[in-house]
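Biologist: I'm new to this structure and would rather get to know one part well than skim everything. Could you pick a single loop, look at it closely, and then walk me outwards from there?

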Amino acid sequence: MKDETASRRGVPTILRGLTVLAIALTGSGYPLATVTLAAQGSDPLVELGRLVFFDKTLSAPAGVSCASCHDPAKAFSGDNGSGTGVAAGAVKGSAGFRNVPSLMYLKASPSLGLGVVDDEPAMVGGMFWDGRASAFEDQALGPLMAAHEMNNAGAISLATRLSQAPYADQFQSLFGENVFSNPEEAVHGLTLAVGAFQRSPEFSPFSSKFDAVVRGETEFTRQEARGLDWFTIGQKGNCLSCHTVDIDSDDPADSLFTSFGYHALGAPRNPDLPATADAGYYDLGLCETLRKDEQIENPDQYCGFFKTPTLRNIELTAPYMHNGVFKTLRDAVAFYATRDTNPELWFPDGEKFNDLPEAMRGNVDTSKRPYHRKPGKRPALKDEEVDDIVAFLKTLTKSVNYRVQGQNASTVGTTGTRR
Ligand code: HEC
Ligand code: HEC
């Protein structure tokens, strides 16, 4: 490695971030607010990461930043103005293949591996809907280089763009005077900065009404409280078995609304997605990642599996599912209730689980509550119970005016335009 300074200066900062994360996760006695304060904004790596994240000159052609698709006002999701389920890229007319996920609360995600979901061994963690990247630092190169996203030709052209950015001197002061003469090192620095930014409290503010209720500061309305019941009761929504909630804990960090596990739900095909013009196009999800790992036996049993997303801020992140097929939150919830009792509502052509090749439709989970019922039977959730769940889910929306205690008016949550 040519530039020793980079690793000497960069790594301890990252480690500090990880320590903060570990404390927050293990809840080792420190109140979360203290932890949050320790990690707040003043870290130069986080500040550099913020500048990179909003920099539209890093795409080819210029015009698209991370924030174009991951808009802070939409809990860091979005579509770069395409209006379809998938985002437009930097190159005119280019389009992505998957719905853009929210980046909030992702710092708690483990890397892809065998874990426990719902008391059973299962694949958990990883970045992207199919877990193919392990951490922020490894993920960031994906969008920077992908032709349908930021479209950089490689490290050299990206490093040139960085060297011309208004924050080039901040970059040099963190990673060394000569960082731009070593493009790989410069790109590595970028990934460290963007990773630190995504681990910062701005991405995990715990500022929703739900969090306030958990901390004993306010109460749910009656409808929201009913929604939480349907969400958690195994006989009703059973949602918490994948979208983790700890209702007995007074620490919001125990309720991330995802187990980071993978499941095949059989979401309908989204005809608005440009790629589906090809009848032979299928997004197989997790199995495409696992096929590259020789140690995994029969990876095809995981075709159709996608990562369970957090439901925090779900009100802000339409459309829904990996392919963006549902435009409204109500549809996304109602799908669970009637997918199997009234499949004609979701698959009008009678072809159930039509977004998977026929041979793989058997991978879709049909035994778990709430979608374990036979056609024509009563759904596990009535219409008004679906409405209650939607009302509850809206309590997971971050507060725009949230302030980290003790900070001078640093608004967390919509700071995209702060600087
Ligand atoms: C053109 C739109 C676009 C741009 C620009 C973009 N992303 Fe994304 N991002 C996506 C999409 C789409 C996905 C999901 C892709 C998948 O699962 O295969 C994604 C996924 C991610 C994930 C994984 C989220 C998860 O839940 O696992 C992270 C982290 C991320 N992006 C960060 C970034 C960063 C950092 C940048 C800038 C360097 C960036 N993105 C630029 C569209 C974009
Ligand atoms: C067996 C695990 C499992 C259960 C049970 C479950 N979910 Fe999900 N949920 C997932 C997975 C996996 C996805 C992503 C699926 C995809 O994109 O194909 C998802 C996606 C969602 C989405 C869309 C998220 C987004 O960002 O696009 C919503 C909303 C949602 N679930 C709500 C619920 C509700 C409400 C319940 C209970 C009625 C529930 N889920 C039960 C695993 C589960």
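Modeller: Let's start at Asn-238, which sits in the loop between H11 and strand E3 (262-263). Keep in mind that this is a predicted model. The backbone does something worth a look here: phi of Asn-238 is near 55°, a positive value in a residue other than glycine. Is Asn-238 buried or exposed? Asn-238 counts as buried, because it has 22 C-beta neighbours inside 10 Å, and 20 is enough to earn that label.

Now look at ligand 2. Its shell holds 26 residues, and the closest include Gly-237, Cys-239 and Cys-242. Tyr-320 and His-322 belong to that closest group too. By class, the shell around ligand 2 has 16 nonpolar residues, eight polar ones and two charged ones. Which helix gives the largest share of this shell? That is H13, running over residues 329-338, with four residues.

Staying with H13, step back into the loop that lies between strand E4 (306-307) and H13. Asn-313 is found there, and so is Pro-319. Asn-313 has a positive phi as well, near 65°, and again this is a residue other than glycine. With 23 C-beta neighbours inside 10 Å, Asn-313 counts as buried. Pro-319 has its own quirk: the peptide bond between Ala-318 and Pro-319 is cis, with omega about -5°.

H13 has another role in the picture. The largest nonpolar core has 40 residues, and those touching the most other members are Leu-329, Ala-332, Val-333, Val-386, Ile-389 and Leu-393. At least two residues of this core come from each of H10 (209-214), H11, H13 and H14. H13 gives the most, seven residues. As background, nonpolar side chains tend to be buried together in soluble globular proteins.

That brings us back to H11, the helix at one end of our starting loop. Where does H11 (residues 222-232) meet H14 (residues 383-393)? Their axes come within 7 Å and cross at roughly 105°, so H11 is roughly perpendicular to H14. On the H11 side, the contact is made by Gln-223, Glu-224, Arg-226, Gly-227, Leu-228, Trp-230 and Phe-231. H14 answers with Glu-385, Asp-388, Ile-389, Ala-391 and Phe-392. Ile-389 is a name you've met already, as one of the core residues touching the most other members. Sorted by class, this contact has six nonpolar, two polar and four charged residues.

For a side trip, go to ligand 1. There are 25 residues around it, and Cys-66, Cys-69, Phe-128, Trp-129 and Pro-143 come nearest. The shell around ligand 1 splits into 17 nonpolar, six polar and two charged residues. H4 (66-69), H5 (136-139) and H6 (141-145) each supply at least two of its residues, with H4 giving the largest share, three. There's a cis peptide bond to find on this trip too: it joins Ala-60 and Pro-61, with omega about -5°. Pro-61 is in the loop between helix H3 (44-53) and H4.

So if you want a route to retrace on screen, begin at Asn-238 in its loop between H11 and E3, move to ligand 2 with Gly-237 and Cys-239 among its closest residues, and finish where H11 and H14 cross.

How values were computed. Residues are numbered from 1 along each chain as its sequence is written. Chains are lettered from A and ligands numbered from 1 in the order in which they are written. This is a predicted model: local features need pLDDT of at least 70, side-chain atom pairs count only at pLDDT 80 or more; totals for chains, interfaces and linings use all residues. A residue is near a molecule or strand if its C-beta atom, placed from the backbone, lies within 6 Å of it. Ala, Val, Leu, Ile, Met, Phe, Trp, Tyr, Cys and Pro count as nonpolar, Asp, Glu, Lys and Arg as charged, and the others, Gly among them, as polar. Axes are lines fitted to C-alpha atoms, for helices over the stretch in contact, and angles run from 0 to 180 degrees between N-to-C directions. Angles under 35 degrees count as roughly parallel, over 145 as roughly antiparallel, 65 to 115 as roughly perpendicular and the rest as oblique. Two residues are in contact if their C-beta atoms, placed from the backbone, lie within 7 Å. A nonpolar core is a set of buried Ala, Val, Leu, Ile, Met, Phe, Trp, Tyr and Cys residues joined through C-beta atoms within 7 Å. A residue is buried if 20 or more other C-beta atoms lie within 10 Å of its own, exposed if 12 or fewer, and partly exposed in between; C-beta atoms are placed from the backbone.
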